[in-house]
Amino acid sequence: MSRMSRQGSPSLSVIISTWNSRSYLKGCLESLLAIGIGNLEIIIVDSASTDGTQEYLARMSASYPKLNLRPVLMKRRVFWTEANEIGLEHSTGKWMCLSNPDIVFNETFLRLLDYCFSNEDAVVAPQLVYPDGKPQLPIRLLGPSFLIVYTYAGKFLLRLLRRNFQFQVPYVTDGSPVKVDHPMGSLFIVSRRTLERLGGRLWNRGYLNAVTDSDAFYNLKVHGIPVFIMPTCRLVHFSDVIYKRGASWKDYDCWYGMILYFRYWRMKPIRVSVVFAMESLASLFLSMVFRIFKPNSKPIYSPRERVRVTYDNMRGIVDAWRFKL
C-alpha cells in the first residue's frame with residue numbers, strides 16, 4: 001500500500017510514555033515522520049522529564065504539524081502503566097499503538113498496520129530486534145511459570161523452559177503471523193473495540209513498572225482476545241539501554257509487581273510470597289557466607305548492597321499485600 005493511499009486508512013493513535021529519554025524519542029518521532037502515515041495522532045505522556053523533552057516536543061509540534069503531536073505534560077513522576085492509561089484516555093484513534101520511546105519505526109510497520117486494519121479483534125505486535133539485529137523473543141506461555149524467570153535462578157530455568165516447553169517462540173522467518181500469549185510489551189496495537197471489551201482498561205490498578213505488560217496480556221488471554229507477532233515487521237528496540245538506566249527501582253518494584261499480579265489473578269499469592277521472601281533471605285545469607293570463605297573474590301553484590309536489595313525485596317512484598325485490590 002502506498003503512502004498516499006494510507007491517507008484514507010482508519011485513524012491511528014500512537015501513545016508514547018517517556019521520562020528523560022529525549023535522545024531516543026527524537027529517533028522515534030523522526031522515524032515515524034519518515035514513513036509518512038496519514039490520519040495519525042501522536043500522544044506523548046511525559047513524566048516530568050528534566051532533560052529538555054518538553055522543549056523538544058514544542059519545537060517538533062511547531063515544525064511538523066503532520067505528526068499531530070499532542071503532548072500530555074505531567075508535573076509528577078508517573079510510571080509506565082499509568083502513563084499509558086493516561087494516553088489511552090486522551091486518544092481518539094480507532095486503533096491505538098502503545099510504544100516505548102526507544103523504538104525506531106521503518107516501512108515494515110505499514111505491513112503491521114495492514115494486518116491490524118483487517119483483524120480488528122486481535123492485538124498485534126512486531127518482531128522487535130536489538131540494534132545488532134538479534135531478535136527479542138516473545139513468550140508463548142503466560143501464567144505463574146512465567147514469573148519464575150525473575151528469580152536469581154531465572155537464567156537456568158529459562159533455558160529449560162525454552163528447550164522443553166517452547167516457553168519462548170524462536171524468530172520466525174516465513175512471514176506468517178505467530179500466535180503468542182505475550183509479545184514484547186514495548187510496542188503493540190489494540191483496537192478501540194477490543195479496549196471496550198476490557199472495560200476501557202488494559203491494566204489493573206496499582207502497578208508501578210514490573211510485570212505490567214504481563215498483566216495486560218493475561219487480561220487479554222482471560223477475555224479470549226488473540227495476540228499475534230508479525231515477523232515481517234521488524235523494528236529496532238533499544239531496550240537494554242532504557243532498562244539499565246532505570247534499574248534503580250527494579251529490586252522493590254519487581255517483587256511488588258509480581259505479588260500484586262499473583263494476588264489479582266489468584267495464582268496462589270501466599271505461597272509465592274513465602275517462596276520469594278525465603279529466596280531473598282537465603283541470597284543474603286549465602287552472600288555473607290561466600291564473603292567469609294572467599295574474602296578475596298569479587299561478589300556480584302557487596303554485603304551492604306545485598307542488604308539493601310533484600311530490604312527492597314521484602315518491602316515490595318509487604319507493600320503489595322497492603323495494596324487494596
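**Salt bridges, a buried strand residue and internal cavities**

The side chains of Arg-308 and Asp-312 meet in a salt bridge, with an N to O distance of 2.6 Å. This value, like those that follow, was computed from a predicted model. Both residues belong to helix α11 (residues 303-322), where a spacing of four residues separates them by about one helical turn. Arg-308 is partly exposed, at 30% relative accessible area, whereas Asp-312 is buried, at 10%.

Salt bridges that share partners also join Glu-120, Asp-121 and Arg-193 into one network. In total, the structure holds ten salt bridges. Side chains of opposite charge can pair when their charged atoms come close. Within the network, the closest N and O atoms of Arg-193 and Glu-120 are 3.7 Å apart. This pair links distant parts of the chain, 73 residues apart: Arg-193 lies in helix α6 (residues 192-197), and Glu-120 lies in the loop between α4 (109-118) and β6. Arg-193 counts as partly exposed, with a relative accessibility of 39%, while Glu-120 counts as buried, with a value of 19% that falls under the 20% limit.

A further salt bridge is formed by Lys-221 and Asp-181, whose closest N and O atoms are 3.0 Å apart. Lys-221 is located in helix α7 (residues 212-222) and Asp-181 in the loop between β7 and β8, so the pair ties together parts that are 40 residues apart in sequence. Lys-221 is partly exposed at 40% relative accessibility, and Asp-181 is buried at 17%. The loop between β7 (178-180) and β8 (187-191) also contains His-182. His-182 is buried, with a relative accessible area of 4%, and its side chain makes a polar contact of 3.2 Å with the side chain of Ser-214.

Val-123 is found in strand β6 (residues 123-129) and is buried, because its relative accessibility is 1%. Beyond residues up to four places away in sequence, Val-123 touches ten others, among them Phe-188, Val-190, Phe-217, Leu-220 and Phe-228. Thr-194 is also one of the residues in contact with Val-123; the C-alpha atoms of Val-123 and Thr-194 are separated by 8.3 Å, although the two residues are 71 residues apart along the chain.

Empty space inside the model was examined as well. Rolling a probe the size of a water molecule over the atoms shows where empty space is left. Two cavities of 30 Å³ or more were counted, and the second largest cavity holds about 30 Å³ of space. Leu-32, Leu-33, Gly-36, Ile-37, Leu-40, Lys-66 and Leu-67 line the second largest cavity. By class, this lining consists of five nonpolar residues, one polar residue and one charged residue.

Terms used. Residues numbered from 1 in each chain as written. Predicted model: local features only at pLDDT ≥ 70, side-chain atom pairs only at ≥ 80, totals over all residues. Heavy atoms only, no water. Helix = DSSP H or I, 4+ residues; strand = E, 2+ residues; numbered from the N terminus. Buried < 20%, exposed > 50% of the residue type's maximum accessible area, 1.4 Å probe, protein only. Polar contact = N/O pair within 3.5 Å; in protein donor to acceptor, adjacent residues only side chain to side chain. 1 Å grid on protein atoms, 1.4 Å probe; cavity = no way out; pocket = protein on both sides within 12 Å on 5 of 7 lines; lining within 4 Å. Points joined across faces, edges and corners; volume = space filled by probe spheres on them. Nonpolar A, V, L, I, M, F, W, Y, C, P; charged D, E, K, R; others polar. Contact = heavy atoms within 4.5 Å. Salt bridge = Lys/Arg side-chain N within 4 Å of Asp/Glu carboxyl O.
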